[in-house]
Amino acid sequence: VDVTIKDTKGQTARDKAAQQKFPEILQSFNMPIFSKERHRSDRNFIIFKTVVTVVALGNFFWGIFPDHRDHTLLGFVIVFAALAENGLLFRLVFGTPGPVHPQHPSHYMKHIEAGEPVPLCLSCRIQRPIRSKHCRVCGRCIPRFDHHCPWILNDVGWDNHRMFMGFLLAMNVLYFAYTRAIWIDLATVVKGAPAGFFPAAWYTLVQAPLTCLMIPMLVFAIGFALSMLISQSMQIS
């Protein structure tokens, strides 16, 4: 917003705000515009999740599926969920949640002359619509702001909230389907294991090392994905 524009009486919006005694507007004129690059320190999550997905798919098609070809439907579910999850993640990271665009200075002048308070963002110097909020991480105002998600390195708002819910749903479907695949594979391996817990555990680890390695990673992934989906569903309801 250009604060130097004057009306027919030679007064700026700052002058009008001082006359009408609007401290919030005056404060916004005196503050420097806040600008900040998008926060990128959490990109490790995307790298970690991509590696887990690639390893899981590789283990399924080269380690599990060849011995369980009767579970073709499960394979289709895993592939479809993985493609949907990573496709939505890509769109969430590089897409926009719907930023609020600034109004012409005459818009603010009209409200000030009428003695009406204007809900301004003190950082962006724009009028904030209802339910919008300024994200200090990304340095912009977001309509229907839900939260800043460090996992997608972006805000969740008007334009991408449904997409974010679809991403969480696809992630849960993928992890639960892969859990089913691991269960099928381990059940087959355990049938040939010797008696006793420790001999059986060692036998299973030797016969299916990658599958056993994926179990703790999968427990963490399911806990995270399920808690996020439940949390977002409760907020919507």
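The protein chain folds into eight helices and four strands, where helices (H or I, at least four residues) and strands (E, at least two) are DSSP runs numbered from the N terminus. This is a predicted model, so local features need pLDDT of at least 70 and side-chain atom pairs count only at pLDDT 80 or more, while totals for chains, interfaces and linings use all residues. Residues are numbered from 1 along each chain as its sequence is written, and side-chain values use heavy atoms, with hydrogens and water left out.

Let's start with the overall layout. Reading along the sequence gives the pattern α-α-α-α-α-β-β-β-β-α-α-α. Of the 237 residues in the chain, 43% count as buried; buried means under 20% relative accessible area, exposed means over 50%, and partly exposed lies in between (1.4 Å probe, protein chains only). The accessible surface of the chain is about 13900 Å², and 66% of that belongs to carbon and sulfur atoms. These areas come from the Shrake-Rupley method with a 1.4 Å probe, and for residues only the protein chains shown count as cover. As for contacts (heavy atoms within 4.5 Å), residues 24 or more positions apart account for 64% of those with a separation of 6 or more.

Helix α4 is a good place to look in detail. It covers residues 72-94, and at 1.5 Å a residue its 23 residues should span 33 Å, which agrees with the 33 Å between its end C-alpha atoms. The expected span here is 1.5 Å times one less than the number of residues. The buried residues of α4 are Leu-74, Gly-75, Ile-78, Ala-81, Ala-82, Glu-85, Leu-89, Leu-92 and Val-93. Take Glu-85 from that list: its relative accessible area is 0%, so Glu-85 is buried. Leaving aside residues up to four places away in sequence, Glu-85 touches Lys-49, Thr-53, Phe-167, Ala-170, Met-171, Leu-174 and Tyr-175.

Next, the strands and a charged pair. Side chains of opposite charge can pair when their charged atoms come close. How many salt bridges does a search of the whole structure find? The search finds one, with a salt bridge taken as a side-chain nitrogen of Lys or Arg within 4 Å of a carboxyl oxygen of Asp or Glu. It joins Asp-155 to Arg-140, whose closest N and O atoms are 3.3 Å apart. Asp-155 lies in strand β4 (residues 154-156) and Arg-140 in strand β2 (residues 140-142), so the pair ties together parts that are 15 residues apart in sequence. Both partners, Asp-155 and Arg-140, are buried.

The loops around these strands hold two backbone details. Arg-144, in the loop between β2 and β3 (147-149), has a positive phi of about 50 degrees although it is not a glycine. Leu-153, in the loop between β3 and β4, also has a positive phi, near 55 degrees, and is likewise a residue other than glycine. Their surroundings can be read from accessibility: Arg-144 is partly exposed at 38%, whereas Leu-153 counts as buried at 3%.

Now for the cysteines. A disulfide is a covalent bond between the sulfur atoms of two cysteines. The search of the whole structure finds zero disulfides, the cut-off being a pair of cysteine sulfur atoms within 2.5 Å. For Cys-135, the nearest cysteine sulfur is that of Cys-138, 4.2 Å away, which is too far for a bond. Cys-135 is buried, with a relative accessible area of 4%, and Cys-138 also counts as buried, at 6%.

Further along the chain, Ala-193 sits in the loop between α6 (161-190) and α7 (197-207). With a relative accessible area of 19%, Ala-193 is buried. Not counting residues up to four places away in sequence, Ala-193 touches Ala-200 and Tyr-203. Ala-193 and Thr-204 are eleven residues apart in sequence, and their C-alpha atoms are 7.0 Å apart in space.

Finally, turn to the surface. Ile-47, Val-51, Val-55, Leu-210 and Leu-213 form a nonpolar patch with about 400 Å² of accessible area together. Patches are made of residues with over 30% relative accessible area and no salt bridge, joining like charges within 9 Å and nonpolar side chains (Val, Leu, Ile, Met, Phe, Trp, Tyr) within 5 Å. Helices α3 (43-64) and α8 (209-236) each supply at least two of the patch residues, and α3 gives the most, with three. One of the patch residues in α3 is Ile-47, which counts as partly exposed at 49% relative accessibility.
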